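Reader: Could you take me on a close tour of the nonpolar interior of this one? I'd like to hear how the packing, the rings and the cysteines fit together.

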Amino acid sequence: MSGGESMPELFEPYPLELVHRLIEPGPTVMITTAGEEWPTVMTNGFNMPVRHDGLLAVVIGPWDTTYESLLRRRECVIAVPGKDLIETTVDVGNSSSADVNKWERFGLSPLSASIVGAPLIEECAANIECVVEDDSLVDEYDLWILRAEAAWRRSDYEAPEFHHRGNGTFSENGATRDLRDRMTRWRNLS
Ligand SMILES: Cc1cc2nc3c(=O)[nH]c(=O)nc-3n(C[C@H](O)[C@H](O)[C@H](O)COP(=O)(O)O)c2cc1C
């Protein structure tokens, strides 16, 4: 079941051709699927944009309940949490949806997505509805290629990301440097 209230007004549609910008800064994200008794939600640090047309990649391994659910349902939501959710994100990543309804346990609210059965996370800054585009690298590398089908960003979105440094320590976004005048070859990205 996916569960979830309907979309609140705090989210705006975000263009698919810009969706890579939501994870290019390397944020720690949460990933949801519809699940059985309740929707699954996990924490994910290994993720990246693949192409500018909405192709993204995430590592999700068989140690996650999410893995089985994604194999079966072939759709998920990538949710980008803000710094206010940093402890919650760590707690989500240290528990299993097989044991506990993490939504109730950690105070997260599922919202019905527009296309996929997996829920958005209302408390997150952005949500990307994805379908599995290619699972040919899953057996060997746990690497899923996903296609964004819809994306939502809070109207007050402001570089919310935090980053896992790989050992349980995290860095938060620092100063943003504007180097667009040096992006001479990639002016169209500015
Ligand atoms: C900071 C952090 C980053 C994580 N990154 C990943 C990841 O990139 N891929 C992965 O498969 N598991 C990752 N995990 C582990 C899963 O989040 C964890 O196994 C989770 O509890 C699985 O939930 P589920 O069983 O409900 O799917 C991470 C955990 C933490 C705390």
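Author: Sure, and keep in mind that this is a predicted model. Let's start with Tyr67, which counts as buried because its relative accessibility is 10%. Its ring partner is Trp144, and the two form an edge-to-face aromatic pair, 5.7 Å from centre to centre with 80° between the planes. Tyr67 belongs to helix α1 (residues 65-73) while Trp144 is part of strand β10 (residues 143-154), so this pair ties together parts that sit 77 residues apart in sequence. Trp144 has a relative accessible area of 0%, so it is buried too.

Trp144 turns up again in the largest nonpolar core, which has 26 residues. Together with Leu22, Ile31, Ile60, Ile78, Ile128 and Leu146, Trp144 is among the residues that touch the most other members. As for where the core comes from, the elements giving two or more residues to it are β2 (29-33), β5 (55-59), α1, β6 (75-80), β9 (126-134) and β10.

Now zoom in on Ile31. If you set aside neighbours within four places in sequence, Ile31 is in contact with Thr40, Val41, Met42, Asn44, Val58, Ile60, Thr66, Cys76, Val77 and Ile78. Two of those names, Ile60 and Ile78, you have just met in the core list.

Apart from that core lies another one, of 10 residues, with Met30, Trp103, Leu108 and Cys124 among them.

That brings us to the cysteines. The structure holds 0 disulfides. Cys124 is in none, and its nearest cysteine sulfur, that of Cys130, is 13 Å away; for a disulfide, the two sulfurs would have to be within 2.5 Å. Cys124 is buried, because its relative accessibility is 0%. Cys130 is in no disulfide either: the nearest cysteine sulfur belongs to Cys76, 4.8 Å away. Cys130 likewise counts as buried, given its 0% relative accessibility.

Back to rings, then. The structure holds 2 aromatic pairs, and besides the one with Tyr67 there is Phe162 with Phe170. These two are also edge-to-face, with 6.1 Å between centres and 70° between planes. Their surroundings are worth a glance: Phe162 is buried at a relative accessible area of 0%, whereas Phe170 is partly exposed at 25%.

One last ring to look at is Phe11. The charged end of Arg154 sits over it, 5.5 Å from the ring centre.

Definitions and conventions: Residues numbered from 1 in each chain as written. Predicted model: local features only at pLDDT ≥ 70, side-chain atom pairs only at ≥ 80, totals over all residues. Heavy atoms only, no water. Buried < 20%, exposed > 50% of the residue type's maximum accessible area, 1.4 Å probe, protein only. Phe/Tyr/Trp six-rings, centres within 6.5 Å; stacked < 30°, edge-to-face > 60°. Helix = DSSP H or I, 4+ residues; strand = E, 2+ residues; numbered from the N terminus. Lys NZ or Arg CZ within 6 Å of the ring centre and 35° of its normal. Core = buried A, V, L, I, M, F, W, Y, C linked by side-chain atoms within 4.5 Å. Contact = heavy atoms within 4.5 Å.
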